[in-house]
Amino acid sequence: MALATTAALAAPLVWIRIAPADVARWHVDPMEVERVPQAPRRGGWLVRTGPANAAPTVFDTDPATLLSAFDEIARATPRTRVLFESPAEGRVTYVTRSAVAGFPDYTSVKAVPEAGGAALMIWARQRFGVADMGVNRERVEAWMAALEDRLPRR
């Protein structure tokens, strides 16, 4: 009985760690996201021109250089890996897992020309649950702060 109870309780946590990620569902263009999160702690963080949680920072560089610098920062983040990248479109989607339970968060990034420089459009969101407790916003803001230390703003 105890073994069955333990297995029943552990099954969802195992699924969270091994569930396959559908690239078509998670590797999205942040400019095509229809829903803008209304409350920053309730389901993601959207940075882009137009309706969003925050406006993008414009850097004094080209999109390819900007995305490359961002990619180095993201890949250096613990428990973060690339889910899929499409260099021709200037897009990458990362998966970052929480330390204890391994909950996956997906961050799709697109580098675009903007105001004589380049900017990143970013859609960071959780896969499971309805609230992310602000972790996606915090991660994106930390990545952007590191990027601002590397590249000049416009």
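**Pocket, helices and loops of the predicted model**

The largest pocket holds about 310 Å³ of space. The model is a predicted one. The pocket lining comprises 16 residues. Those nearest its centre are S98, F103, D105, V135 and R139. Two elements, β4 (91–97) and α4, each contribute at least two residues to the lining.

The overall architecture frames this pocket description. The protein contains four helices and six strands. Read from the N terminus, the elements follow the order α-α-β-β-α-β-β-β-β-α. Along the principal axes, the C-alpha atoms fill a box of roughly 65 × 30 × 30 Å. Of the 154 residues in the protein, 46% are buried. Contacts between residues at least 6 apart in sequence were also examined. Among these, 58% join residues at least 24 apart.

Helix α4 (135–150) follows β6 (117–126) across a loop. The helix has 16 residues. From its first C-alpha to its last, α4 reaches 23 Å. This is close to the 22 Å expected at 1.5 Å a residue. Buried positions in α4 are N136, R139, V140, W143, M144 and L147. Viewed down the axis of α4, the buried residues fall within an arc of 130°, so they line one face of the helix. R139 therefore has two roles in this description: it is buried in α4, and it is among the residues nearest the centre of the largest pocket.

Helix α3 (63–75) precedes β3 (80–86), with a loop between them. Its 13 residues should span 18 Å at 1.5 Å a residue. The end C-alpha atoms of α3 are 18 Å apart, so the span agrees with expectation. Seven positions are listed as buried in α3: L66, L67, A69, F70, D71, I73 and A74. These buried residues pack against β2, β3, β4, β5 (104–114), β6 and α4. The N-terminal end of α3 is capped by D62. A side-chain oxygen of D62 lies 3.2 Å from the backbone nitrogen of A64.

A loop residue, T57, makes contacts with α4. T57 sits in the loop between β1 (45–47) and β2 (58–59). T57 has a relative accessible area of 14%, under the 20% cut-off, and therefore counts as buried. The T57 side chain makes a polar contact with the side chain of E148, at 3.4 Å. Leaving aside residues up to four places away in sequence, T57 touches A118, A119, L120, M144, E148 and R153. One of these partners, M144, is itself buried in α4.

Two other loop residues have unusual backbone angles. R79 is not a glycine, yet has a positive phi of about 65°. R79 lies in the loop between α3 and β3. With a relative accessible area of 48%, R79 is partly exposed. M133, also not a glycine, has a positive phi of about 55°. M133 is placed in the loop between β6 and α4. The relative accessible area of M133 is 55%, over the 50% cut-off, so M133 counts as exposed.

Note on methods
Residues are numbered from 1 along each chain as its sequence is written. This is a predicted model: local features need pLDDT of at least 70, side-chain atom pairs count only at pLDDT 80 or more; totals for chains, interfaces and linings use all residues. Side-chain values use heavy atoms; hydrogens and water are left out. Buried means under 20% relative accessible area, exposed over 50%, partly exposed in between (1.4 Å probe, protein chains only). The expected span of a helix is 1.5 Å times one less than its number of residues. The arc is that of the directions from the helix axis to the C-beta atoms. A polar contact is a pair of N or O atoms within 3.5 Å; within protein, one must be able to donate a hydrogen and the other to accept it, and residues adjacent in sequence count only if both atoms are side-chain atoms. Contact means heavy atoms within 4.5 Å. On a 1 Å grid over the protein atoms alone, a cavity is a set of points where a 1.4 Å probe fits but cannot get out, and a pocket is an open set with protein on both sides within 12 Å along at least five of seven lines; lining residues have an atom within 4 Å of a point. Grid points are joined across faces, edges and corners, and a volume is the space filled by probe spheres set on the points.
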